[in-house]
Structure formats: structure tokens, C-alpha cells
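Work through the exercises below with the sequence and the 3D view open. Each task is followed by a solution in steps.

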Amino acid sequence: MMPTTSPLFDPVLTAFAACPTPVIATDCQGRVRLWNRAATELLGQQEREVLGQSLPTPSEAQRQELDLNCTADLQDVGAHDFLQHWKNKTGDTIRIRIRVTPWFGPTMVRRGAFLMLTPVPAPGLSDATVLDAERTGLIEELDRARKQAYEAQRFRVLLEAAPDAIVKVDPHGHIVLMNRATETLFGYTREELLGQPVEILVPATSRGAHIGQRTGYWKNPQTRPMGRGLTLSAVRKDGTEFPVEISLSPVDAGGEMRVIAIIRDVTERRRIEQEMRAMEDRFNRELKDKNAELERRNREVEEADRLKSEFLASMSHELRTPIHTIIGFSQLLMEEIQGPLNEKQQRFVNHIHHDSQHLLELINDILDLSKIESGSLELQRETFPALAEMRNILEGIQQTAESKSIDLKLTAPEDYVLHADIRRFREVLLNLLSNALKFTPRGGSVAVSMSPASEPGFCRFAVRDTGVGIAPEQLDAIFDKFYQVGSTTKGVREGTGLGLAITKHIVELHGGQIRVDSSPGSGSCFSFTMPLDSGGRW
Ligand code: ADP
């Protein structure tokens, strides 16, 4: 309910009009609303002379001091007293103690202030001493009043500048103070809100519960957020609801407890939180879809890979038979058993023989790789001394090395017993050695060595050459299938580009590791580990 009674017809005013104590009432603008008979008797002026006027103080400074005291936030301090010198009806200066108390209407709306005047009789001292004492007293009063006014002003400035809505509520739940942000946030004017139950700001559905909670707060009043963990809502004058965060603090206002509620509009934060949650949900959904899609693709790729390996395996197998025939018959022709060939024919047959052998190599490699990739290559592990095998292999390539004047060395401090597939072991070593010979220029050297590996149960083999070397950015790729970096020392691209891919697979199938250290111009060193027989050495 908003106040409807005009200040002129306030019953309190009527009561004070007849009061034997001099009482003056001023409105919020400092204009006189009541000047009772006792005031007339003390000061001389009639009510009709001063009604609606500023206070008829002896000086402008006194009037300002009075105005400041009358309009200050008196709810907090209750009544307060100060002294002023006024003139009585006979024109003598008298000392008056003025007590100021706030004037509230029936709905707690502030209407102004009451000033109760009490003449202070001068003590029995000489006039000069009295005047001195009075002057000192007045200066002190003035100082105190200034400080109070300054504090009140500072408080007001801070309150008004606060970005959050701040309302002060008395123990009956009435709003007794609020700032500008409250007006802006809730859409009410100050006059509409002051004196109203604070539930006016609470949505209708929560008002009942709020009254209970408010009463409960007084049992344990302390600074804390309101409704911890709950989503709180407030309601504007136009009925719209919005999310808020509220923090409560009890304050002692001159012996009476009040609560200050700081209300923050969190609409924007909630909107961002919701957007973020929605984004996260969308992201998770998309991620899930993408993962499912990826899984499906992976399965398709695996299936395609398996089919490809199967196809390559069967195709290579089918191709090998006619190629063997071509190699066999071209060899027969080269041996000239069926009659001599002229020089051109010999050259042609040589080409047929050489290229079909290369084709056979390629087919064998493809077959091997597809077996490895489809998981159908099974190792035939056996126990054998490594040194003898190494010597055999070196013997096999000795002629090629000599033809390029490459020095072939073997360093094996001890003979190790391997537990491996002997045919595959030969293949690995032979592949590394033939690469070393292929990529090392005439007069270079290739050294093979065997030593214990840092990994227990394994032995390390290394093939080191003084060849062309490999650029750092190519080092990982050379183990990929069909990867060839550059030409051999003959300036051609010999080989299939499958050798190292197969070699790596074979080493890893044995549980070993292969690595390369190389740099262009200073040669390469390929090393790999192979499992030892539990006995270790021969
Ligand atoms: P390729 O049949 O072509 O030799 P590999 O898989 O055995 O196929 O080798 C792949 C590539 O790695 C080669 O083409 C070559 O560029 C490089 N490579 C292998 N070994 C050596 C080496 N010892 N020195 C320099 N480059 C090498």
C-alpha cells in the first residue's frame, strides 16, 4: 500500500501541535510543516508566519547545519542532539538543544524530521565566561556535526555509486533504505519502495517461503550468501522475473538490528553459462558422432586393407608362375643351347632376364608385405649361431663388394645364439647390406658388427656404410612402403622401396627394434636387435 495521507493531516502532527515542548516539523526539503504553540512561546514567530518556509534560523550557516541534520539518514542513528544559538521572542540570544528524529508516515515512508527544542539555561557564571564556554562548545558541536555530515555524505555517495542493488530492511521486513541501482534494477521509484515489505521484490510463488526464511535469519544473523546452492529469482515492478545472487549482512542501527541485502542481477552470467553448457553439449554430441564415424571408417579401412592384402597375396602368387617361366626360358636362351644368338638378341634376352628377375623380386616383396600386413606371416623360430649366418651372407655379396672396390668388414667379438626365424634373419641382414653397397660409392667401406643390446635377452646387429647418407627429414619415411629417397650410386632408382618396410616388420615380429643414424655425406648406420636364445652365447 502506498501512502495516501497528506503530511498536513498527519495524526502525529496533530499530537505534537498540542505538546507543551517546543516542536517543529520539517519536510524532506527542510520546509516547516509544524510549529507548535510552545515553539511560538519560546521563539516568538507564529506558525502561519513560517509554515512552508525554510527554518527561520538566525544565520544561513545555522540553517544549512539544521537542513543537513534533518535530511541525514536518521534511521541508522535514531535521534541525535546538537546545540544552536537562536533568539527568543524578546530578541535575546538563547542556547537551544535541538533533538532531531526522523518523521515517518504510516507506511514507513520518510516524510521529514521533528525538531524538539529545549532551552539550555546558562550556568551561574559571568557572561564572558559563559560566552567563552558556549563558543568552545559550539565549535566542538560544529566539528562533530561536520564530521557526521561528511560521513553520511560519503556513505551516500558510495551507496549510490554501487553497481548492485542495495536495500536495508528492518526487523519487520520493511525496506528502510535503498540505492539508485535498486530503482534501475527493479523499476520502482524510491518513494514506491521505501516502507514496503521486502517481499515486493520476491516472485509471488516464493513470497510465503521468504517470510519464513527472513524470520529464520534473525536466529543466526551473519554475513552470508542467501539460499546457497539455490537459483534465486527476483521480480521487477512490471512482473518480469530475473535470476539474482544475494548476499546478506546484519547491521546494528543504534541498538536495532537491520539487514543489508546486496542484490546482483546475474541474467547475463546465467545466459553465458547456459550458452557454454549448450556449446559443451553440442561439442560432446559432435565428438560422439565424429568418433562413431571415425570408428566406422577405421573398420572400413581395416577391411579394405585386409581385402587388398588378400588380393595382393593371391595376385602375386598367380604372377610368380609365369615370371618363373620367363626367367627360366630367357636363361636357356642366354645359354645358347638351342643355337647361337647375335649380339642384339643377346642384349634383348639379357634385358628380359634382368627385368623379369626384378619383377620377381618385387612380387616376392609384395607377397611378403601383404602376408605381414594381413597377419598371416608366421615365424619359424629356431636356435642358431649368428656368426656362421653372417659369414654366409657376407660371402654371398663379397663379389658385388669387390666389383665396387668396397671394403667389407665383419666385427663380432663373440658369437651369439639367436632364437629367430633364420630365413627372415638372413633376409633382414641381406637387405641392409645390399642397400649399404647400393648407396656407397666405389672405394668406400661397409662394416657389419654384432654386440650385446642394452635390452636384456637381445643382441644388436649394425650395418655401417660410408655412403651417400640420408637427410634427417627422410629418416622416418624410409621405413614406409614404396618410399625411395633418391637414386643409387649408379644414378638410378634400383630396388622396390619395400625392403626396409619388410625388414622393420620382420624385426618387430621378433620383438626387436630397428633404427637408423645417418646424415648426408657421412654414411648411414642401420642397427636392429634380435632375440637371443635363453642360453645367450654359443
Ligand atoms: P629400396 O629397394 O629402394 O632400397 P628400401 O626400402 O630398402 O628400398 O630403402 C628405401 C630407401 O631408403 C632407399 O630408396 C634409399 O633412398 C634409402 N636407403 C636405404 N638404405 C640406405 C643406405 N644405406 N644409404 C642411403 N640411403 C639408404
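**Exercise 1. A residue on the surface**

In which helix is the place of Phe329? Find also how exposed Phe329 is and which patch it helps to make.

Solution. The model is a predicted one, in which local features need pLDDT of at least 70 and side-chain atom pairs count only at pLDDT 80 or more, while totals for chains, interfaces and linings use all residues. Residues are numbered from 1 along each chain as its sequence is written, and side-chain values use heavy atoms, with hydrogens and water left out.

Step 1. Phe329 lies in helix 10, which covers residues 267–335. Helices (H or I, at least four residues) and strands (E, at least two) are DSSP runs, numbered from the N terminus.

Step 2. The relative accessible area of Phe329 is 54%, so Phe329 is exposed. Buried means under 20% relative accessible area, exposed over 50%, and partly exposed in between (1.4 Å probe, protein chains only).

Step 3. Together with Leu332 and Ile337, Phe329 makes a nonpolar surface patch of about 330 Å². Patches are made of residues with over 30% relative accessible area and no salt bridge; like charges are joined within 9 Å, and nonpolar side chains (Val, Leu, Ile, Met, Phe, Trp, Tyr) within 5 Å. The areas come from the Shrake-Rupley method with a 1.4 Å probe, and for residues only the protein chains shown count as cover.

**Exercise 2. Salt bridges**

How many salt bridges does a search of the whole structure find? Describe the pairs Arg271 with Glu268, Arg299 with Glu295 and Asp407 with Lys409.

Solution.

Step 1. The search finds 23 salt bridges. A salt bridge is a side-chain nitrogen of Lys or Arg within 4 Å of a carboxyl oxygen of Asp or Glu.

Step 2. Arg271 and Glu268 form a salt bridge at 2.5 Å, N to O. Both are in helix 10, three residues apart, about one turn of the helix. Arg271 is partly exposed, because its relative accessibility is 37%; Glu268 is partly exposed at 45%.

Step 3. Arg299 and Glu295 form a salt bridge at 4.0 Å, N to O. These two also lie in helix 10, four residues apart, about one turn of the helix. Both Arg299 and Glu295 are exposed.

Step 4. An α-helix has 3.6 residues a turn, so residues three or four places apart point the same way.

Step 5. Asp407 and Lys409 form a salt bridge at 3.9 Å, N to O. Asp407 is partly exposed, with a relative accessible area of 40%, and Lys409 is partly exposed at 40%.

Step 6. A network of salt bridges links Glu160, Arg180, Glu183 and Arg190.

**Exercise 3. A sheet and its edges**

What is the order of the strands in the open sheet of five strands? Say why one side of strand 2 and one side of strand 3 are left without a neighbour in the sheet.

Solution.

Step 1. The order is 2-1-5-4-3, with antiparallel pairing. Two strands pair if DSSP finds at least two bridges between them.

Step 2. Strand 2 (32–35) and strand 3 (80–87) are at the edges and have a single partner strand each, so one side of each lacks a neighbour in the sheet.

Step 3. Strand 1 (residues 23–27) runs antiparallel to strand 2, and three bridges join them. Val32 in strand 2 is the bridge partner of Thr26.

**Exercise 4. Three residues and their contacts**

Are Phe114, His210 and Ser249 buried or exposed? Give the element and contacts of each.

Solution. Contact means heavy atoms within 4.5 Å.

Step 1. Phe114 is in strand 5 (residues 110–119). Phe114 is buried, because its relative accessibility is 5%. Not counting residues up to four places away in sequence, Phe114 touches several residues, including Val12, Phe16, Ile24 and Trp103.

Step 2. His210 is in helix 9 (residues 207–217) and is buried at 11%. With the same exclusion of residues up to four places away in sequence, His210 touches Val198, Glu199, Val202 and Met226.

Step 3. Ser249 is in strand 10 (residues 241–253) and is buried at 18%. Beyond four places away in sequence, Ser249 touches Tyr217, Thr223, Arg258, Val259 and Ile260.
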